[in-house]
Amino acid sequence: SDYGKFGNECSLSTEEVIKVIGFKINKLIASICENNEVSQFSAKVELPLNFPGLYKVVADKTPYVSIEEIARKVSIGPTRFGHPCFYSPKDIKLANFTIKRDEQITFNSVEEIHGTMAVNCVVVRNNQSHSFTLPLSQEGEFYECEDDQIYTLKEIAEWKIPKCRNRIVKLSNTLPMWDSSSPLPENFDGCLSLMPVYEVQAVMKFRKDIVHILSDLDVEVKDVTDCYDTNSFLQPLSLEDIFERTSKEFPMVAAIMEGPSGSQKPYNLLSTGKEIVIYKKYQATRVLASEMRSDSSKRHYLIPTSYKGKFKRRPREFPTAYDLEIARSEKEHLHVVATKAFTSPHKELFSVSVGDQFLVHQRQTSEVLYEGRKGLIDVLACEQILSDSYKEVLLPMYMEGGFVEVIHDKKQYHLSEICKEFHLPFNVKVSVRDLSIEKDVLAAAPGLQFEEEITDSYLLISSARSPEESWEIPVYRLNMLVRLLSKDVPTVEPPVTRTTVEEISPEEYYMLRRYENLTLHPPPRPPKKPT
């Protein structure tokens, strides 16, 4: 049988031996749902995994009858997507713990414990985590919990479609730039039933790349696993597989079996067939930044703290007095101009007019009269700047108005200095571009908002042939497969590391923000009513 897919042509001859290394969803067949059910008249459309949009997963109403069925059909793994949650409509009594009915059980990993396969689980009760194991032999009724997270279609395909089941999803955001070529109706905002179409990933004895075989290929095969030396085949590894290796195993030499697309460095080093040195694995800090634009073409970046360009400050905007409190620092007085009027309901507090200027001091409490009774309210102590003097005023913390920062600081800052000296988010513009980068994309931006610092997983790599420079590549945002080579590493010490500003898609941006530590974001704003 001859077939070709994306130029990956292959001939499967009679008695050819192939080693299946995995199954992967190649595309999705979608049907429009009404009331979470597919009508027999619903048209089916084909969706690629990179189809735009963010989606919520609808919990499957069909129960699983055992832990073994869950472990066999549902993706459970080390990444943040691999922790599915279930509940049982009945209490489950274990040796030293009882799971209450309808209590959410998080499945973290599957492992062998004292000769028995089991799932490591967690239940959170009264803000305390309780860890326990459930053997695969545990029977009962287990239902999926509602999932309030939002995913791309690719994430759903990789983690959220159980084997032998379809998945219903609901569109969470409006699809961008609809046109007549879109497989979905204009202004569609409903539910879709997704049926996966799989492909088989395999290796062949005399090929050095991965062979992709669509699951509907009409060919007869026979299982010869028990009578064949499977070690004679190549062993493809993902970046996640490499990252899970111990630090002692680095550095290593690898050949690219499937690489990402892209002509910019370092992606041009990662094309199929090229050899790379992987020096080490580690967690690295990046600053998540977005262009300051009002339109939808806003671009997003991950900037390493090693970025050598310099920045000048740009004015920040603050919607409430509470945001002023979050942004103020001991280093300098925050100077702002009001862009929106506010009339205070309390005579003890200040009413703001458009154009009023303030120096922000600190948060405190103040006694006010409210409906004939005295009570305490959170306020922000400021100085109003008058033409020839200053006036001390109090602004209610809940005040919804608008303020724009007045910048007096003309200094140019490195990124590391900004992260150390100021609160994020922080507005800037590149004043001196990074000359070590071939094309500094940040220099062309009209303005940038540094939103938050994030920590992510990286591998440090270089070309094996000409290791003059090394590059950091992200483990979880780069789809590629490598095979390890039993070659000596040209040099144990990595060459100089080049700075890479990584542009990320809107979906990747949303995913990064979604999983960041909630303590980075301000708590809810205070109530208006005094206590």
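## Strand β16 and its partners

Two strands count as paired if DSSP finds at least two bridges between them. In this predicted model, strand β3 (residues 18-34) meets that condition with β16 through 14 bridges, and the two run antiparallel. Ile18 faces Met204 across this pairing. Strand β16 itself spans residues 191-204. Burial is extensive here: 12 of the 14 residues of β16 are buried.

Two further strands pair with β16. Strand β15 (residues 167-171) is antiparallel to β16 and shares four bridges with it. Val169 has Leu192 of β16 as its bridge partner. Strand β17 (residues 211-214) also pairs with β16 in the antiparallel sense, over four bridges. In that pairing, Gln201 is matched with His212 of β17.

## Strand β30 and its partners

Strand β30 covers residues 448-463. Of its 16 residues, 13 are buried. Strand β20 (residues 275-291) runs antiparallel to β30, and 15 bridges join the two. Glu291 has its bridge partner in β30 at Leu448.

Strand β29 (residues 426-432) is joined to β30 by three bridges, again antiparallel. Phe426 stands opposite Phe450 of β30. Strand β31 (residues 471-474) is antiparallel to β30 as well, with four bridges between them. Here Tyr458 is the bridge partner of Pro474 in β31.

## Aromatic pairs

How many aromatic pairs does the structure hold? There are 10. One joins Phe358 and Phe403: the ring centres lie 6.4 Å apart and the planes meet at 75 degrees, so the pair is edge-to-face. The cut-off for that class is over 60 degrees. Phe358 belongs to strand β25 (residues 357-370) and Phe403 to strand β28 (residues 400-405), so the contact ties together parts 45 residues apart in sequence. Are these two residues buried or exposed? Both Phe358 and Phe403 are buried.

Elsewhere, Tyr64, Phe86 and Phe107 make up one aromatic cluster.

## Charges over rings

The ring of Tyr64, a member of that cluster, also carries a charge over it. The charged end of Arg165 sits there, 3.8 Å from the ring centre.

Tyr458 has a similar arrangement. Arg286 lies over the face of Tyr458, at 4.2 Å from the ring centre. The pairings above place both residues: Arg286 falls in the range of β20, residues 275-291, and Tyr458 in that of β30, residues 448-463. Strands β20 and β30 are joined by 15 bridges, and Tyr458 has Pro474 of β31 as its bridge partner.

## The second largest pocket

The second largest pocket holds about 760 Å³ of space. Its lining has 26 residues. Which of them lie nearest the centre? They are Glu16, Ile18, Glu220, Val221 and Lys222. Ile18 is also the residue that stands opposite Met204 in β16.

Two elements, β3 and β17, give two or more residues to the lining. Strand β3 supplies the largest share, four residues. Both strands pair with β16: β3 over 14 bridges and β17 over four. By residue class, the lining divides into 14 nonpolar, six polar and six charged residues.

How values were computed. Residues numbered from 1 in each chain as written. Predicted model: local features only at pLDDT ≥ 70, side-chain atom pairs only at ≥ 80, totals over all residues. Heavy atoms only, no water. Buried < 20%, exposed > 50% of the residue type's maximum accessible area, 1.4 Å probe, protein only. Phe/Tyr/Trp six-rings, centres within 6.5 Å; stacked < 30°, edge-to-face > 60°. Lys NZ or Arg CZ within 6 Å of the ring centre and 35° of its normal. 1 Å grid on protein atoms, 1.4 Å probe; cavity = no way out; pocket = protein on both sides within 12 Å on 5 of 7 lines; lining within 4 Å. Points joined across faces, edges and corners; volume = space filled by probe spheres on them. Nonpolar A, V, L, I, M, F, W, Y, C, P; charged D, E, K, R; others polar.
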